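Welcome, and please have your viewer ready. We will go from stop to stop, with something to select at each one.

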Amino acid sequence: MKGAALVTGAAGGIGLACAEALAREGLRVYGLDMVPPAGQAAFAGFGTCDLAQEGAGVRAAAQLLAGEDAGLVCLVNNAALQVAKPLERTSPAEFQAVLATNLLAPFQLSVALLDALGLAGGAIVNIASVHAQATSREIGAYAASKAALLGLTRTMALEFAARGIRANAVLPGAVDTPMLRRGLERDLHGAADPLAELARRHPLGRVGRPEEIAQAVVFLADPAKSSFMTGQGLVVDGGCLCKLATE
């Protein structure tokens, strides 16, 4: 692939893995996050901002991409916020912050970058979650935001197709990232080692790696590999969603 890509939440975890994978494919990768990345090798440019603040991502993206006249090959809306607590203890402010980061920011960035994406016949890849389809206790705001992001992806696919823009989502399962480890501070059936217990519950017997999600993103970003795919949610979860809860 040739051209530019923008990845949000790119300082670590899935976002950094996506940036590195897209850079290996030949793209000039720009990143956004609240903090600088651990390494700069994958990035042609990087900006720091809080995507929960309305318009912050749009302004930062405009500055980063100012010199990219050829358009944007791929926008990866990956940045996410997770609040792990029961709904009755989740404040309206916390719920709104999750929605602002996980849903409003992808909406605003995608709309703001339509012209740039249209120039390149680009692709939008939204990082949703298996929580969009099946969820668990004490993660309600996150699950709601990811279900809505999947619905938004389908609408993007319908409305942006006339511009030659494809929009798809990746639905990761449990992936070994700082967010997952923080979320495991919730009681997981009293397990002494929550990560090992979570791995055991997967049909494949392990949790995922960020680079495995990144490969799904590369597939959806590359028109040579996924040119007839739009409006889809690609599940990458080690088999979790195919397993009955009663099994």
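Which residue forms a salt bridge with E212? Select R209: its closest N and O atoms to E212 are 3.3 Å apart. A salt bridge here is a side-chain nitrogen of Lys or Arg within 4 Å of a carboxyl oxygen of Asp or Glu.

Before moving on, a word on what you are looking at. This is a predicted model, in which local features need pLDDT of at least 70 and side-chain atom pairs count only at pLDDT 80 or more, while totals for chains, interfaces and linings use all residues. Residues are numbered from 1 along each chain as its sequence is written, and side-chain values use heavy atoms, with hydrogens and water left out.

**Stop 1: around R209**

Color R209 and E212 by accessibility. R209 is partly exposed at 39% relative accessibility, and E212 is partly exposed at 24%. The cut-offs are under 20% relative accessible area for buried, over 50% for exposed, and partly exposed in between (1.4 Å probe, protein chains only). Now add R206 and E211 to the selection: R206, R209, E211 and E212 are linked in a network of salt bridges.

**Stop 2: two other salt bridges**

The structure holds 9 salt bridges, so there is plenty to click through. Select R200 and E197, whose side chains meet at 2.9 Å, N to O. They lie 3 residues apart in helix 7 (residues 194-200), which means that about one helical turn separates them. Helices are DSSP runs (H or I, at least four residues) and strands likewise (E, at least two), numbered from the N terminus. R200 is exposed at 56% relative accessibility, whereas E197 is buried at 16%.

Next, select E94 and K85, another salt bridge, with 2.9 Å from N to O. E94 is partly exposed, with a relative accessible area of 24%, and K85 is partly exposed at 23%.

**Stop 3: helix 1 against helix 8**

Show helix 1 (residues 13-24) and helix 8 (residues 210-221) as cartoons. Their axes come within 8 Å and cross at roughly 50°, which makes helix 1 oblique to helix 8. Axes are lines fitted to C-alpha atoms, for helices over the stretch in contact, and angles run from 0 to 180 degrees between N-to-C directions. Angles under 35 degrees count as roughly parallel, over 145 as roughly antiparallel, 65 to 115 as roughly perpendicular and the rest as oblique.

Now bring up the side chains. On helix 1, the residues in contact include I14, A17 and L22, and on helix 8 they include I213, V217 and E211; contact means heavy atoms within 4.5 Å. The residues of this contact divide into 11 nonpolar, 2 polar and 2 charged. Ala, Val, Leu, Ile, Met, Phe, Trp, Tyr, Cys and Pro count as nonpolar, Asp, Glu, Lys and Arg as charged, and the others, Gly among them, as polar.

**Stop 4: helix 2 against helix 3**

Select residues 56-64 and 92-112. Helix 2 and helix 3 pack at about 40°, with their axes 9 Å apart. In this contact, G57, V58 and A61 of helix 2 meet Q108, L109 and A112 of helix 3. These residues divide into 4 nonpolar, 2 polar and no charged.

**Last stop: A70**

Finally, select A70, in the loop between helix 2 and strand 4 (72-77). A70 is exposed, with a relative accessible area of 56%. Leaving aside residues up to four places away in sequence, A70 touches L119 and A120. For a last distance, pick V207 as well: A70 and V207 are 137 residues apart in sequence and 38 Å apart in space, C-alpha to C-alpha.
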